[in-house]
Amino acid sequence: MDLTNYKPQIAIVYTSVTGNTEQLATMLHQVAAKRFSTVGIYQVEEFPEAELCRYDAVLVGTYTWGSGEIPKEMKHLYEAFEHAGSKKLVTAVFGSGDRFFADFCGAVDRFRDMLYVHTELAATLKVELSPQEKDHARCERLMEVVLKRLALQKTGARVE
Ligand SMILES: Cc1cc2nc3c(=O)[nH]c(=O)nc-3n(C[C@H](O)[C@H](O)[C@H](O)COP(=O)(O)O)c2cc1C
């Protein structure tokens, strides 16, 4: 199947208090927007959760709180995936954490485990505090994996 005109609907949904996860979300958005014009970036409070299934791919970004916990503002989104997730929805989860804490990026792990069950989880990405130049390549890799998974969903054929 020809994917030249394929315009997947992709959302990047994140939360961030001190800006680290936001920087990572912006990096991913820049990488994705080079390929597709149909990529939206949303703070979680602005994301239309009821329309989750309208997207081909959703990339979730979260910092970690407490002892490896999901921030409270992300709990709605977490539950929305549990109730409305589907194996047709390609997902990825990324986030910023601090290795000072025992459960590094625990919220990313918690989303990962749930998204693996309820959606077509393609990739995860953890960054220590604020993203560095080297993380740009990791963002590109994540997007590549997501796009390959989307292509696989659309055509049923592996894209190498
Ligand atoms: C009270 C508190 C608890 C935290 N708990 C964790 C944790 O369990 N694991 C972790 O990796 N980071 C933890 N962090 C670190 C943040 O996740 C980290 O600073 C992150 O970069 C913040 O992201 P943001 O800039 O997007 O808000 C904690 C930070 C605070 C203030």
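A residue is counted as near a molecule when one of its heavy atoms lies within 4 Å of that molecule. In this predicted model, 20 residues are found around the ligand, and Ser16, Val17, Thr18, Thr21 and Ser96 come nearest.

Three of these residues, Ser16, Thr21 and Ser96, place polar side-chain atoms beside oxygen atoms of the ligand. For Ser16, an N or O atom of the side chain is 2.6 Å from a ligand oxygen atom. The corresponding separation is 2.7 Å for a polar side-chain atom of Thr21 and 2.5 Å for an N or O atom in the side chain of Ser96. On its own the ligand has 640 Å² of accessible area, of which the protein covers 83%.

The largest pocket, computed over the protein atoms alone, has a volume of about 330 Å³. Its lining comprises 20 residues, with Tyr63, Thr64, Trp65, Ser96 and Gly97 lying nearest the centre. Helix 1 (20-35) and strand 4 (90-97) are the elements that each contribute two or more residues to this lining. By class, 11 of the lining residues are polar, 7 are nonpolar and 2 are charged. Ser96 thus appears both among the residues that come nearest the ligand and among those nearest the centre of the largest pocket.

According to an unreviewed UniProt entry, residues 10-147 are annotated as "domain: Flavodoxin-like". Across residues 10-147, helix accounts for 38% of the chain and strand for 23%. The C-alpha atoms at the two ends of this range are 10 Å apart.

Conventions. Residues numbered from 1 in each chain as written. Predicted model: local features only at pLDDT ≥ 70, side-chain atom pairs only at ≥ 80, totals over all residues. Heavy atoms only, no water. 1 Å grid on protein atoms, 1.4 Å probe; cavity = no way out; pocket = protein on both sides within 12 Å on 5 of 7 lines; lining within 4 Å. Points joined across faces, edges and corners; volume = space filled by probe spheres on them. Helix = DSSP H or I, 4+ residues; strand = E, 2+ residues; numbered from the N terminus. Nonpolar A, V, L, I, M, F, W, Y, C, P; charged D, E, K, R; others polar. UniProt positions renumbered as here; feature names shortened; annotations may be inferred. Polar contact = N/O pair within 3.5 Å; in protein donor to acceptor, adjacent residues only side chain to side chain. Areas by Shrake-Rupley, 256 points an atom, 1.4 Å probe, with all protein chains shown as cover.
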